[in-house]
Each structure stands twice: as C-alpha cells, then as structure tokens.
Amino acid sequence: MGFNSVAVSKFFDNLSTCLEKYNFTPDKIYNVDETGLTTVPKTQSKIIAQKGRKHVGALTSAERGQLVTAELCFSAAGHYIPPLIIFPRIRIKDELLDGAPPGTITQCHPSGWMQADIFLQWMKHFIQHSAATKESPVLLLLDGHATHVKNLTFIDLA
C-alpha cells in the first residue's frame with residue numbers, strides 16, 4: 001500500500017539528504033529484512049541419474065514443515081552480518097545451528113516470527129558486526145514492520 005510514487009519519491013528525497021549530510025560510503029550503508037524459510041520444500045528437487053536408467057528413486061517428505069524466520073543484512077559493498085534465525089519452539093537445541101554460517105545467533109518464539117525484543121537483540125548484534133558508533137555512524141535501511149518502527153528501545157539504541 002505504501003509503494004506509490006509519492007512515498008517512493010519521499011524515500012529517495014530523504015535518502016539523498018542523508019547521503020549528502022553524512023557522506024556514507026557503500027561499506028557504511030546496510031539493508032536488513034526478514035524472510036520466512038520452510039523446513040520442508042514445496043517443490044520437488046531435480047534428480048540427476050545415469051543416462052538410460054529406467055527407475056530413479058527420490059526421497060520426499062510427507063511433513064507439512066514449519067516456518068523459520070531469518071533476519072538477513074548486507075552492506076552495499078557486500079559486507080555480511082551473520083544472520084539471526086528464529087525457530088518456532090520454546091527452547092533452543094545446539095544441533096539446530098549445525099551448518100549455520102559462523103556468527104549466526106538464534107532465538108526461539110512459539111510463532112517463529114520476529115518480535116520487538118528479538119529485533120532489539122539483533123540490533124545489538126548488528127552494531128557489534130558493523131562497528132557502528134556515534135563517531136562513525138552507518139545507515140541502516142529497513143522496512144516499516146511494527147517490531148522496527150514501534151519499538152522505542154530499538155530507536156533509542158539506534
């Protein structure tokens with residue numbers, strides 16, 4: 001609903017003003033967003049088999065799967081902030097991080113969705129990995145999700 005010419009023009013006017021004021025370089029401009037990942041894929045994988053083979057087996061899951069939220073952030077220069085993963089459960093298990101990128105942090109919430117207190121934890125993680133300070137600020141672009149814009153503790157920390 002907010003994606004219209006007036007809103008987009010206002011965004012780019014604000015962005016231009018901010019870039020001119022602080023002279024941010026690409027390594028100081030970050031974008032963050034969350035995405036939902038399902039634990040069971042909806043589409044079948046492609047199967048590679050030996051040419052001429054008549055019977056090719058495939059393993060599929062009858063599970064419905066669960067939604068896991070990942071908070072992902074990169075700079076315009078390609079610097080990567082290790083992700084935050086939110087699992088839909090009460091307690092974390094160490095094996096859930098098997099194969100995760102180094103520095104990944106986790107949280108649990110029954111819904112598996114982003115919450116204001118979890119986003120605040122992510123912001124502290126972001127500050128640590130981006131080396132943002134009052135003397136050396138960074139620009140963080142994010143959407144208008146309620147856990148971001150209606151979170152005074154996050155805004156004060158930022």
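# A guided tour of the sheet, its helices and a pocket

Start by selecting strand 1 and strand 2: these two pair in the antiparallel sense over 9 bridges. Before going further, keep in mind that this is a predicted model. Strand 1 covers residues 29-38, and strand 2 covers residues 67-75. For a landmark within the pair, pick valine 32, whose bridge partner in strand 2 is cysteine 73.

**Step across to strand 3**

Keep cysteine 73 selected and look to its other bridge partner. Which residue of strand 3 pairs with cysteine 73? The partner is isoleucine 81. Strand 3 takes in residues 80-87, and 5 bridges join it to strand 2, with the two running antiparallel. Phenylalanine 74 gives you another rung here, with tyrosine 80 as its bridge partner in strand 3.

Now show the turn that connects these two. Strand 2 and strand 3 make a hairpin with 4 residues between them. Stop at glycine 78 in that turn, where phi is positive at about 95°.

Colour strand 3 by accessibility next. This strand is mostly covered, with 7 of its 8 residues buried.

**On to strand 4 and the whole sheet**

Does strand 3 run parallel or antiparallel to strand 4? The two run parallel, and 4 bridges join them. Two pairs are handy to label: isoleucine 85 has threonine 106 of strand 4 as its bridge partner, and phenylalanine 87 stands opposite cysteine 108 in strand 4.

Zoom out and show every strand. There are 5 of them, forming an open sheet in the order 4-3-2-1-5 with mixed pairing. Strand 4 (105-108) and strand 5 (139-141) are at the edges; each has a single partner strand, so one side of each has no neighbour in the sheet. Direction ignored, neighbouring strands of this sheet are turned by 20° against each other on average.

**Add the helices**

Select residues 5-22 to bring up helix 1, which packs on the sheet and touches strand 1 and strand 5. The direction of helix 1 makes about 165° with that of strand 5.

Follow the chain out of helix 1 to asparagine 23, in the loop between helix 1 and strand 1. Its phi is near 50°, a positive value in a residue other than glycine. Asparagine 23 has a relative accessible area of 60%, so it counts as exposed.

Helix 2 is the next selection, residues 116-130. Which strands does helix 2 lie across? They are strand 1, strand 2, strand 3, strand 4 and strand 5, and helix 2 runs at about 160° to strand 3. You can try a quick geometry check: at 1.5 Å a residue, the 15 residues of helix 2 should span 21 Å, and the end C-alpha atoms are indeed 21 Å apart.

Show the side chains of helix 2 that are buried: Ile118, Phe119, Leu120, Trp122, Met123, His125, Phe126 and Ser130. As you look at their spacing, recall that an α-helix has 3.6 residues a turn, so residues three or four places apart point the same way.

Just after helix 2 comes alanine 131, with a positive phi of about 60°. Alanine 131 sits in the loop between helix 2 and strand 5. Is this residue buried or partly exposed? At 48% relative accessibility, alanine 131 counts as partly exposed.

**Finish at the pocket**

Now run your pocket display and go to the largest pocket, with a volume of about 470 Å³. Its lining has 20 residues, and Met123, Val138, Leu140, Leu157 and Ala158 lie nearest its centre. Met123 is one to recognise, since you have just seen it among the buried residues of helix 2. The elements giving two or more residues to this lining are helix 1, helix 2, strand 5, helix 3 (146-149) and helix 4 (152-157).

For a last stop, select asparagine 151, in the loop between helix 3 and helix 4. With 6% relative accessibility, asparagine 151 counts as buried. Leaving out residues up to four places away in sequence, asparagine 151 touches Ala116 and Ala146.

Key
Residues are numbered from 1 along each chain as its sequence is written. This is a predicted model: local features need pLDDT of at least 70, side-chain atom pairs count only at pLDDT 80 or more; totals for chains, interfaces and linings use all residues. Side-chain values use heavy atoms; hydrogens and water are left out. Two strands pair if DSSP finds at least two bridges between them. Axes are lines fitted to C-alpha atoms, for helices over the stretch in contact, and angles run from 0 to 180 degrees between N-to-C directions. Contact means heavy atoms within 4.5 Å. The expected span of a helix is 1.5 Å times one less than its number of residues. Buried means under 20% relative accessible area, exposed over 50%, partly exposed in between (1.4 Å probe, protein chains only). On a 1 Å grid over the protein atoms alone, a cavity is a set of points where a 1.4 Å probe fits but cannot get out, and a pocket is an open set with protein on both sides within 12 Å along at least five of seven lines; lining residues have an atom within 4 Å of a point. Grid points are joined across faces, edges and corners, and a volume is the space filled by probe spheres set on the points.
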